[in-house]
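Work through these short exercises with the model open beside you. Each one sets a task and then solves it in steps.

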Amino acid sequence: MPGNTPGQWFSKAVLRNGPLGGLAALVVVMAALSGDFLNGQNLLNVGVQASVTAILAFGVTFVIVSAGIDLSVGSVAALSATVVAWAAASGGLPVWLAVLLGLAVGAGAGLISGALVAYGRLPAFIATLAMLSVGRGLALVISGGSPVAVPSSVGRLGDTLGGWLPVPVLVMAAMGLIAALVLARTYTGRAMFAIGGNEEAARLSGIDVRRRKLVIYALSGLFAAVAGIVLAARLTSAQPQAAVGYELDAIAAVVIGGASLSGGSGKASGTLIGALILAVLRNGLNLLSVSAFWQQVATGLVIAVAVLLDTLRRRSAR
C-alpha cells in the first residue's frame, strides 16, 4: 500500500495537532508583531487571563464530551462567589465553611440542570439557559445588586507566590489535572465518552445514563464555582454581574481545543490549549491596541476555524 504523500501527511498532522500548532503559530505571530509579548510578566498575565476561562471550560468539557451543553456556568460562577462573600461577611460563617457552601451551591445548580435534562427530558440548551437566568437573578438578590467584599483569606487566591507566580495559574493547573484524571481514570469519565458516542448503546451496555448525567452537570457546576471564587479573589469582591458571557468563552475553549460538539471526544489538555489560544489572542490584540470590537470579530473567526477543523477531522476519520 503506497505511503502518504508529503501533502497528505501535513494535512493529517494539522488535523491531529491543530490546537497545539495553532497556539504555537499564534505565539510566533504575536511575538513578531509586538516586542512586549514575550516579556515574562506579560506571559504570566496571559496565564492569569486564561485561568478563569480554563477552569470553567474544564467543567464544560465533561458536558460536551457527553454530547450536552451548559450555558449556565458564568451565572453559576457569579452566584457561588456571591454566596461565599455574603456568607462570610453577612452570615458570619467561618471562611472555610463559606467556601464549602459556595462550592455546594455550584454543584447543586449543576445537579438541578442535570435533573432537568436527565429526568425532565428538557433539552440541555433550555435547561441550562433557565439556570443561567436563575443563577444570575439569585446572585443579584443575595448581593442586593452591589459587589460584596471577599474575605482576605479568599482574596489570597488572586495573589502571587514569591512575587512572581500567580495563584490563579496554580489553581488552573490543579483543576486541569483533576479534569484529566476524571476523564481518563474514572468510571464517570468513561461513561461520558460512551454517552456522547451513542447514548442508547451506553444505556444498553449497563450505564445508568440518567444518574451519570446528574454527576456530569454537577461537576460542571462545581468547576464553575471554583472559577467564580478565583475571579472574585482577583477582583477582591464578588460581583453579581461578573462572568457575563464567560459561558461562551468556555464553550469556545473546549471546541478550539479539539472536542466535538456532537460528543464522544475531548481532552482536558486540549481545553487548556483552547483557553490559552483565546487569552493569547486577546492579550496580543490589546498590546497592538486593536479595538475590542475587532477582537470580537477575531475570536469568532478562530471559533469558526476550530469547528471547521473538527468537521474535517471527523470526515477524515470516516
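Buried here means under 20% relative accessible area, and exposed means over 50%. The model is predicted.

**Exercise 1. Find the aromatic pair, classify its geometry and place it in the chain.**

Step 1. Count. The structure holds one aromatic pair.

Step 2. Name the partners. They are Phe 62 and Phe 223.

Step 3. Pick the descriptors. A pair of aromatic rings is described by the distance of the centres and the angle of the planes.

Step 4. Classify. The centres of Phe 62 and Phe 223 lie 5.4 Å apart, and the planes make 85 degrees. The cut-offs are 6.5 Å for pairing and over 60 degrees for edge-to-face. The pair is therefore edge-to-face.

Step 5. Place the partners. Phe 62 sits in helix 3 (residues 40–65), and Phe 223 sits in helix 11 (residues 209–235). With their positions 161 residues apart, the pair links distant parts of the chain.

Step 6. Check burial. Both Phe 62 and Phe 223 are buried.

**Exercise 2. Describe the largest cavity and its lining.**

Step 1. Search. One cavity of 30 Å³ or more turns up in the whole structure.

Step 2. Size it. The volume is about 50 Å³.

Step 3. Read the lining. Among the lining residues are Ala 77, Ala 81, Thr 82, Gly 228, Leu 231 and Gln 239.

Step 4. Assign elements. Helix 4 (73–89), helix 11 and strand 4 (237–238) each give two or more residues to the lining. Helix 4 gives the most, with four residues.

Step 5. Sort by chemistry. The lining divides into eight nonpolar residues, four polar and no charged.

**Exercise 3. Is Ser 90 buried or exposed?**

Step 1. Locate Ser 90. This residue is in the loop between helix 4 and helix 5 (95–118).

Step 2. Apply the cut-off. Ser 90 has a relative accessible area of 56%. Exposed means over 50%, so Ser 90 is exposed.

Step 3. Relate Ser 90 to Val 148. They are 58 residues apart in sequence, and their C-alpha atoms are 9.5 Å apart in space.

**Exercise 4. Compare two annotated segments with the model.**

Step 1. Read the record. An unreviewed UniProt entry annotates "transmembrane region" over several ranges, including 44–64 and 124–143.

Step 2. Take residues 44–64. The chain there is 100% helix and 0% strand, with end C-alpha atoms 29 Å apart.

Step 3. Take residues 124–143. This stretch is 100% helix and 0% strand, and its end C-alpha atoms are 28 Å apart.

Technical notes:
Residues are numbered from 1 along each chain as its sequence is written. This is a predicted model: local features need pLDDT of at least 70, side-chain atom pairs count only at pLDDT 80 or more; totals for chains, interfaces and linings use all residues. Side-chain values use heavy atoms; hydrogens and water are left out. Rings of Phe, Tyr and Trp (its six-membered ring) pair if their centres lie within 6.5 Å; planes under 30 degrees apart count as stacked, over 60 as edge-to-face and the rest as tilted. Buried means under 20% relative accessible area, exposed over 50%, partly exposed in between (1.4 Å probe, protein chains only). On a 1 Å grid over the protein atoms alone, a cavity is a set of points where a 1.4 Å probe fits but cannot get out, and a pocket is an open set with protein on both sides within 12 Å along at least five of seven lines; lining residues have an atom within 4 Å of a point. Grid points are joined across faces, edges and corners, and a volume is the space filled by probe spheres set on the points. Ala, Val, Leu, Ile, Met, Phe, Trp, Tyr, Cys and Pro count as nonpolar, Asp, Glu, Lys and Arg as charged, and the others, Gly among them, as polar. UniProt positions are given in the numbering used here, feature names are shortened, and annotations may be inferred rather than shown by experiment.
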